[in-house]
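Me: Could you take a close look at one part of this model for me? I'd like to start with how a pair of helices packs, and then work outwards to whatever surrounds them.

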Amino acid sequence: MHIGAHVSIAGGVENAPERAKAIGAEVIQIFTRSPQGGKVPPITPEVVKKFKANCEKFGIKDTYVHAPYFINFASSNNRIKYGSISSVRQELDRASLLGAKYVMTHLGSTKDLGEKEAIKQTIEGLKKVFDGYKSSAKLLIENSAGSGSIIGSDFSQINKILKAAPSPHLAGICLDTQHSFASGYDWKNNFGKTIEKIEKEIGLKKIKLIHANDSKTELDSKKDRHAHIGEGLIGIEAFKKLVAVAAEINADMLCETPHPGVIADIEVLKN
Ligand SMILES: [Zn+2]
């Protein structure tokens, strides 16, 4: 199990491994493009070669790719709906070129269609993502934090979606500690019960990656606000226990906290 962080690709993806090394990260998460949208820089054989050489040089064990922010499989706007399907598929192909293991994505919101239709459209969208897919990277669904309309704030709902869109390419979930805390999973006061709950709702084995972020906002706040490890309301004790769980299930941990404070976060998780 390895510890790492989200790192910037400013100047090109090939620059990420050196930045990762500088902050003590053993594994990295990147966007391969601007997460807000816009032009998608090509991943040429030359970029791949440089990226892989730099991973080797700076000791980066694995790469994870975060899909862009605009993904909403349950949009009533066809441009967004089909754009989500094609962007996730594109990120899977791009991640595969870079040798990344997983792409993680959020699913979207039920606000356009209502819950039942939204889940149905999300499942259809995921199936379309994998239609004819032949590359190596697999997809993870990340749990979300947000108002009632966000899809994937509870693990039983994600489990239903995983089961309804079975694919060898849909590997499981990325568990974000802050998003789950903001959705009512109490890591601070009920660690054991929270683990039991997740085991029951989806199974710990489905967790392939952990986003280790402390929380600026309180339990069940429905707000997505990351804090440095030990500086938020989840607290350091819970993260120590989570490192042990991550080691057991062999899931890497990535911090999505601001730089350069992330250096201390990585350090804390390593020890
Ligand atoms: Zn996250």
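Reply: Sure. Keep in mind that this is a predicted model. Helix 3 (residues 78–97) and helix 4 (residues 115–129) pack with their axes 9 Å apart, at an angle of about 40°. Because angles under 35 degrees count as roughly parallel, that pair comes out as oblique. As for handedness, helix 3 passes helix 4 in a right-handed crossing.

Which residues make the contact? On the helix 3 side they are Lys81, Ser84, Ile85, Val88 and Arg89, and these meet Gly125, Lys128 and Val129 of helix 4.

Now for what ties the two helices together, which is strand 4 (residues 102–105). Helix 3 sits in a right-handed β-α-β unit with strand 3 and strand 4. Helix 4 is part of another right-handed β-α-β unit, made with strand 4 and strand 5. Strand 4 therefore belongs to both units, as the makeup of each shows.

Let's look at strand 4 itself. Side chains in a regular strand alternate between the two faces of the sheet. Here Tyr102 and Met104 point one way, while Val103 and Thr105 point the other. Buried or exposed, these four? All are buried, and the cut-off behind that word is 20 or more other C-beta atoms within 10 Å.

Strand 4 also has a partner on each of two flanks. Strand 3 (residues 62–66) pairs with strand 4 in the parallel sense over three bridges, and Val65 stands opposite Val103 there. Strand 5 (residues 138–142) runs parallel to strand 4 too, joined by four bridges, with Tyr102 opposite Lys138.

Zooming out, these strands belong to a barrel. Eight strands close it in the order 1-2-3-4-5-6-7-10, with parallel pairing. On average, neighbouring strands of this sheet are turned by 30° against each other, direction ignored.

Further along that order you reach strand 7 (residues 207–211), which is joined to strand 6 (residues 170–176) by four bridges, again running parallel. Two of the facing pairs are Ile173 with Ile207 and Asp176 with His211. Strand 7 is mostly covered, with five of its five residues buried. Towards strand 10 (residues 252–255), strand 7 pairs in the parallel sense over three bridges, and Leu209 stands opposite Asp252.

If you're checking backbone torsions, a few spots in the loops deserve a mention. Most residues other than glycine have a negative phi, and most peptide bonds are trans. Asn250 has a positive phi, near 55°, and lies in the loop between helix 8 (236–249) and strand 10. With 11 other C-beta atoms within 10 Å, Asn250 is exposed. Lys222 is another non-glycine residue with a positive phi, about 65°, in the loop between strand 8 (214–215) and strand 9 (226–227). Lys222 counts as partly exposed because it has 16 C-beta neighbours inside 10 Å. Finally, the peptide bond from His259 to Pro260 is cis, with omega near 0°, and Pro260 is found in the loop between strand 10 and helix 9 (262–270).

Terms used. Residues numbered from 1 in each chain as written. Predicted model: local features only at pLDDT ≥ 70, side-chain atom pairs only at ≥ 80, totals over all residues. Buried ≥ 20, exposed ≤ 12 C-beta atoms within 10 Å, placed from the backbone. Pairing = 2+ DSSP bridges. Right-handed = clockwise from strand over helix to strand, strands pointing away. Axes fitted to C-alpha atoms, helices over the stretch in contact; angles between N-to-C directions. Parallel < 35°, antiparallel > 145°, perpendicular 65-115°, else oblique. Left-handed = near helix turned anticlockwise from the far one by under 90°. Contact = placed C-beta atoms within 7 Å.
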